[in-house]
Amino acid sequence: MSAQPTQHRVWRVGADIDTDQLAPGAYMKFGIEEIARHCLQGVRPEFAAAVRPGDVLVAGRNFGIGSSREQAAAALVHLGVQAVIAPSFNGLYFRNAFNVGLLLVTCERADEIGEGERVSLDLAARQVLRAGGEALPCAEVPGFLLDMVRAGGLMNLLKRRLADGSLARHPLRA
């Protein structure tokens, strides 16, 4: 998200990754630290222990299908995942991700990105840059969603705006 894109290591998963794969139901009674330890264990058992801050997850279509559990996005944030790149996302997951500060990048050609590859995100130019220099076009991420990611989620953004006075008061509650 900076002017000079940094390189991120890619982790690949397929299409139709559901929220139960990201935040398994058996662990929902625990806190996010325990839930995150089991993130993607059904499809990538090594993922939670081996992923590093700044890595990106590249997926197939329909990422985040299933229930509306916010922990499915929060687990990736807890593990330090920089972004998820996929051709499409479930609508509820999409909003939950930004609400907790997880960047989602819609890239129709995400399937061309390989496991372990290094990529950069150039959001201003709306592209994912592969290590060999190839640019894959991606959808624009609206500024208000980037603001949420930069703040670490919606609640942090609202707290900051309340503190600095930049959050406009509701006209009926002024």
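## Fold, helix α5 and three loop residues

Read from one end of the sequence to the other, the protein chain runs through the pattern β-α-α-α-β-α-β-α-β-β-β-β-α-α. The radius of gyration is 16 Å, close to the 16 Å that the globule rule gives for 174 residues, so the protein chain is as compact as a globular protein of that length. The model is a predicted one, and it holds seven helices and seven strands.

Taken along the principal axes, the C-alpha atoms of the protein chain fill a box of roughly 50 × 40 × 25 Å. Of the 174 residues, 42% count as buried, and among the contacts with a separation of 6 or more, 66% come from residues 24 or more positions apart. The protein chain exposes about 8,800 Å², of which carbon and sulfur atoms supply 51%. As for charge, there are 19 positive and 18 negative charges, and their mean positions lie 7 Å apart.

Helix α5 can be followed from its start to the residue just after its end. At the N-terminal end, Asn 90 acts as a cap, with a side-chain oxygen 2.9 Å from the backbone nitrogen of Leu 92. Within the helix, which spans residues 91-99, the buried residues are Tyr 93, Asn 96, Ala 97 and Phe 98. These buried residues of α5 pack against the helices α1 (19-22), α4 (71-79), α6 (143-151) and α7 (154-164), and also against the strand β4 (103-106). Just after α5 comes Gly 101, which takes a positive phi of about 90°.

Most residues other than glycine have a negative phi. Asp 16, although not a glycine, has a positive phi of about 60°, and Arg 126, likewise not a glycine, has a positive phi of about 55°. The table places these two residues in their loops.

| Residue | Loop between | Phi | Relative accessible area |
|---|---|---|---|
| Asp 16 | β1 (7-12) and α1 | about 60° | 42%, partly exposed |
| Arg 126 | β5 (118-122) and β6 (127-130) | about 55° | 42%, partly exposed |

A further loop residue, Gly 42, lies between α2 (32-37) and α3 (47-50). Because its relative accessible area of 59% is over 50%, Gly 42 counts as exposed. Gly 42 and Gly 60 are separated by 18 residues in sequence, and their C-alpha atoms are 16 Å apart in space.

Note on methods. Residues are numbered from 1 along each chain as its sequence is written. This is a predicted model: local features need pLDDT of at least 70, side-chain atom pairs count only at pLDDT 80 or more; totals for chains, interfaces and linings use all residues. Side-chain values use heavy atoms; hydrogens and water are left out. Helices (H or I, at least four residues) and strands (E, at least two) are DSSP runs, numbered from the N terminus. The radius of gyration is taken over C-alpha atoms; the globule rule is 2.2 Å times the number of residues to the power 0.38. Buried means under 20% relative accessible area, exposed over 50%, partly exposed in between (1.4 Å probe, protein chains only). Contact means heavy atoms within 4.5 Å. Accessible areas come from the Shrake-Rupley method with a 1.4 Å probe; for residues, only the protein chains shown count as cover. Lys and Arg count as positive and Asp and Glu as negative; His and the chain ends are not counted. The place of a charge is taken as NZ of Lys, CZ of Arg, CG of Asp or CD of Glu. A polar contact is a pair of N or O atoms within 3.5 Å; within protein, one must be able to donate a hydrogen and the other to accept it, and residues adjacent in sequence count only if both atoms are side-chain atoms.
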